[in-house]
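Welcome! Please take a moment to look over the sequence and the model before reading on.

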Amino acid sequence: MYRNGRRLRGLERNLLAALLVLFLCVEWGPLSDERARWGIASGNPFVKEVALTFDDGPRDRGMPELLAALRRLDVPGTFFLVGKFAERYGPITKSIAAEGHEIENHSYTHPQLTTLWVEKIMREAERCNEVMNNLAIRTPRFLRPPGGGFNLKIFYALRRMKMRMGLWSVNTADYTGRPAHKIIADVLRGVRPGSIVLMHSGVPATVEALPAIVSELRARGYRFVTVQDLWNGGAI
Ligand SMILES: [Zn+2]
């Protein structure tokens, strides 16, 4: 009897642990059956929409060219801006918003957020949001952690701020100095319905690559939207 009792208590303990894990998973989202509440790396896989995203801006160089290219092509971009640069280049930041692009959060100083504690992570994100508010730009809803690395501390910080993670599914690695034709080839090979393409602000090869990317994807029936549009359309 005693042994059975011990075994039962052991079983109960395991059951409790399993329930706790289940609760955490459902609570955190990644294993939840419903729409992933933690964020987005790509949109609805049955809708031919694609979002072009531009990190690390605003820059002192290359921004007018990028904005002009997007205007010419009539494509909305999603800009994950670094708060301290947005502060330094206020007029450029405002012009990105004025052109109708979406502005999202890429932290204030661009640190490796995975190495920071929750309060510091929140401060990084909040300071970036504050810069946008001071520039009369709507508060970002998505945070893209610099480098794309994330952990539970970042999930927790985002939950507390009611923000989402904004990741990507196609990486152009345009920041490495690759030529335009390689960026074009990678995007055209990698894009699927709902893709989020990672590019960077102020990279001449990216600006050069845009017309071919846009015209080919449109020929394949794709529509260009923002990350928020993809989210609204049913992220998985
Ligand atoms: Zn970055």
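The report below goes through the cores, a pair of helices, some aromatic residues and a few backbone details.

## The cores

Please keep in mind that this is a predicted model. A good place to start is the largest nonpolar core, which has 40 residues. Inside this core, F79, L210 and L217 have the most contacts. Seven elements each supply at least two of its residues: the strands β2 (49-57), β3 (77-81) and β8 (196-200), and the helices α2 (63-73), α5 (118-134), α7 (180-190) and α8 (204-219). The largest share comes from α8, with seven residues.

There is also a second core, separate from the one above, with 16 residues. Among them are W38, L113, L116 and V118.

## L217 and F224

Let us look at L217 more closely. Leaving aside residues up to four places away in sequence, L217 touches V50, V187, L188, V191, Y222 and F224.

F224 is a residue of strand β9, which covers 223-225. Is F224 buried or exposed? Its relative accessible area is 8%, so F224 counts as buried. Again setting aside residues up to four places away in sequence, the contacts of F224 are V50, L52, V75, P76, I213, V214, L217 and R218. V50 is thus found on the contact list of L217 and on that of F224. F224 can also be placed relative to G194: the two are 30 residues apart in sequence, and their C-alpha atoms are 9.9 Å apart in space.

## Two helices side by side

How do α7 and α8 pack, and at what angle? The angle is about 35°, and the helix axes are 8 Å apart. The crossing of α7 past α8 is right-handed.

On the α7 side, the residues that meet α8 are A180, I183, I184, V187 and L188. On the α8 side they are A205, T206, E208, A209, A212, I213, E216 and L217. Sorted by class, this contact has ten nonpolar residues, one polar residue and two charged ones.

## Aromatic residues

Across the whole structure, a search finds five aromatic pairs. One of them is formed by W38 and F155, in an edge-to-face arrangement with 5.9 Å from centre to centre and 90° between the planes. This pair links distant parts of the chain, since its members are 117 residues apart. W38 sits in the loop between α1 (2-28) and β1 (39-40), while F155 belongs to helix α6, residues 152-161.

W38 and F155 are both buried. Together with F150, they form one aromatic cluster.

## Backbone details

Some spots in the backbone are worth a visit. As background, most residues other than glycine have a negative phi, and most peptide bonds are trans. Where does a cis peptide bond occur? This bond joins G57 and P58, with an omega of about -10°. P58 is in the loop between β2 and α2.

Next come two residues with a positive phi that are not glycine. D74 has a phi near 60° and lies in the loop between α2 and β3. With 62% relative accessibility, D74 counts as exposed. S107 has a positive phi of about 80° and is found in the loop between β4 (102-105) and α5. In contrast to D74, which is exposed, S107 is buried, with a relative accessible area of 0%.

Terms used
Residues are numbered from 1 along each chain as its sequence is written. This is a predicted model: local features need pLDDT of at least 70, side-chain atom pairs count only at pLDDT 80 or more; totals for chains, interfaces and linings use all residues. Side-chain values use heavy atoms; hydrogens and water are left out. A nonpolar core is a set of buried Ala, Val, Leu, Ile, Met, Phe, Trp, Tyr and Cys residues joined through side-chain atoms within 4.5 Å. Buried means under 20% relative accessible area, exposed over 50%, partly exposed in between (1.4 Å probe, protein chains only). Helices (H or I, at least four residues) and strands (E, at least two) are DSSP runs, numbered from the N terminus. Contact means heavy atoms within 4.5 Å. Axes are lines fitted to C-alpha atoms, for helices over the stretch in contact, and angles run from 0 to 180 degrees between N-to-C directions. A crossing is left-handed if the near helix is turned anticlockwise from the far one by less than a right angle, and right-handed if clockwise. Ala, Val, Leu, Ile, Met, Phe, Trp, Tyr, Cys and Pro count as nonpolar, Asp, Glu, Lys and Arg as charged, and the others, Gly among them, as polar. Rings of Phe, Tyr and Trp (its six-membered ring) pair if their centres lie within 6.5 Å; planes under 30 degrees apart count as stacked, over 60 as edge-to-face and the rest as tilted.
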